[in-house]
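Here is a short report on one protein chain. Keep the structure in view as you read, and find each residue as it is named.

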Amino acid sequence: MTVSGTATWTVTVAITSPRQVTTTWSGAFTGGGGSLTVRPNGSGNTFGFTTMMNGNSSARPRIVSCTA
């Protein structure tokens with residue numbers, strides 16, 4: 001994902017159970033349970049993550065908020 005327009009941003013992502021975040025890159029990630037917060041880590045405005053489905057194919061991550 002790419003955040004444009006500023007170098008100071010926060011993105012909050014809802015992770016529906018039983019889905020879990022398995023890999024992250026190019027961002028400072030915090031959170032747990034059903035929420036993941038991403039902030040810049042000096043690698044620019046592009047970040048990413050992968051999730052593990054755990055048998056629930058309808059449990060898609062979704063952006064809850066994006067602030068700058």
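Start with valine 13. Leaving out residues up to four places away in sequence, valine 13 touches Gly34, Ser35, Leu36, Phe49, Pro61, Arg62, Ile63 and Val64. Keep in mind that this is a predicted model.

**The chain as a whole**

The protein chain has six strands and zero helices. Along the sequence, the pattern reads β-β-β-β-β-β. The chain holds 68 residues, and 26% of them count as buried. Its accessible surface comes to about 4,000 Å². Carbon and sulfur atoms account for 51% of that surface. Now take the contacts with a separation of 6 or more: 69% of them join residues 24 or more positions apart.

**The sheet**

Which strands form the open sheet, and in what order? There are four, in the order S3-S4-S1-S6, and the pairing is antiparallel. Strand S3 (28-32) and strand S6 (62-67) are the edge strands. Each of these edge strands pairs on one side only. From one strand to the next, the twist averages 20°.

Look at the pairs in turn. Strand S1 covers residues 10-14, and strand S4 covers residues 35-39. S1 and S4 pair in the antiparallel sense over four bridges. In this pair, valine 11 stands opposite valine 38 of S4. S3 and S4 are also antiparallel, with five bridges. Here alanine 28 has arginine 39 in S4 as its bridge partner. S3 and S4 form a hairpin, with two residues between them. Glycine 33 sits in the turn and has a positive phi of about 65°.

**The core**

Which residues make up the largest nonpolar core? The core has 10 residues in all: Val3, Trp9, Val11, Val13, Ile15, Phe29, Leu36, Val38, Phe47 and Phe49. S1 and S4 each supply at least two residues of this core. In soluble globular proteins, nonpolar side chains tend to be buried together. Valine 13, our starting point, belongs to this core. Its contacts include Leu36 and Phe49, and both of these are core residues too.

**Three polar residues**

Now compare how three residues are covered. The table gives their places and relative accessible areas.

| Residue | Place | Relative accessible area | Class |
|---|---|---|---|
| Threonine 10 | strand S1 | 19% | buried |
| Threonine 37 | strand S4 | 14% | buried |
| Serine 26 | loop between S2 and S3 | 28% | partly exposed |

Is threonine 10 buried or exposed? Threonine 10 is buried, because its relative accessible area is 19% and the cut-off for buried is under 20%. Apart from residues up to four places away in sequence, threonine 10 touches Thr37, Val38, Arg39, Ser65, Cys66 and Thr67.

Threonine 37 counts as buried because its relative accessibility is 14%. Setting aside neighbours within four places in sequence, threonine 37 is in contact with Thr10, Val11, Thr12, Ala28, Phe29 and Thr30. Thr10 and threonine 37 thus appear in each other's contact lists.

Serine 26 lies in the loop between strand S2 (20-25) and S3. At 28% relative accessibility, serine 26 counts as partly exposed. What is the phi of serine 26? Phi is near 55°, a positive value in a residue other than glycine. Most residues other than glycine have a negative phi.

Conventions. Residues numbered from 1 in each chain as written. Predicted model: local features only at pLDDT ≥ 70, side-chain atom pairs only at ≥ 80, totals over all residues. Heavy atoms only, no water. Pairing = 2+ DSSP bridges. Axes fitted to C-alpha atoms, helices over the stretch in contact; angles between N-to-C directions. Core = buried A, V, L, I, M, F, W, Y, C linked by side-chain atoms within 4.5 Å. Buried < 20%, exposed > 50% of the residue type's maximum accessible area, 1.4 Å probe, protein only. Contact = heavy atoms within 4.5 Å. Areas by Shrake-Rupley, 256 points an atom, 1.4 Å probe, with all protein chains shown as cover.
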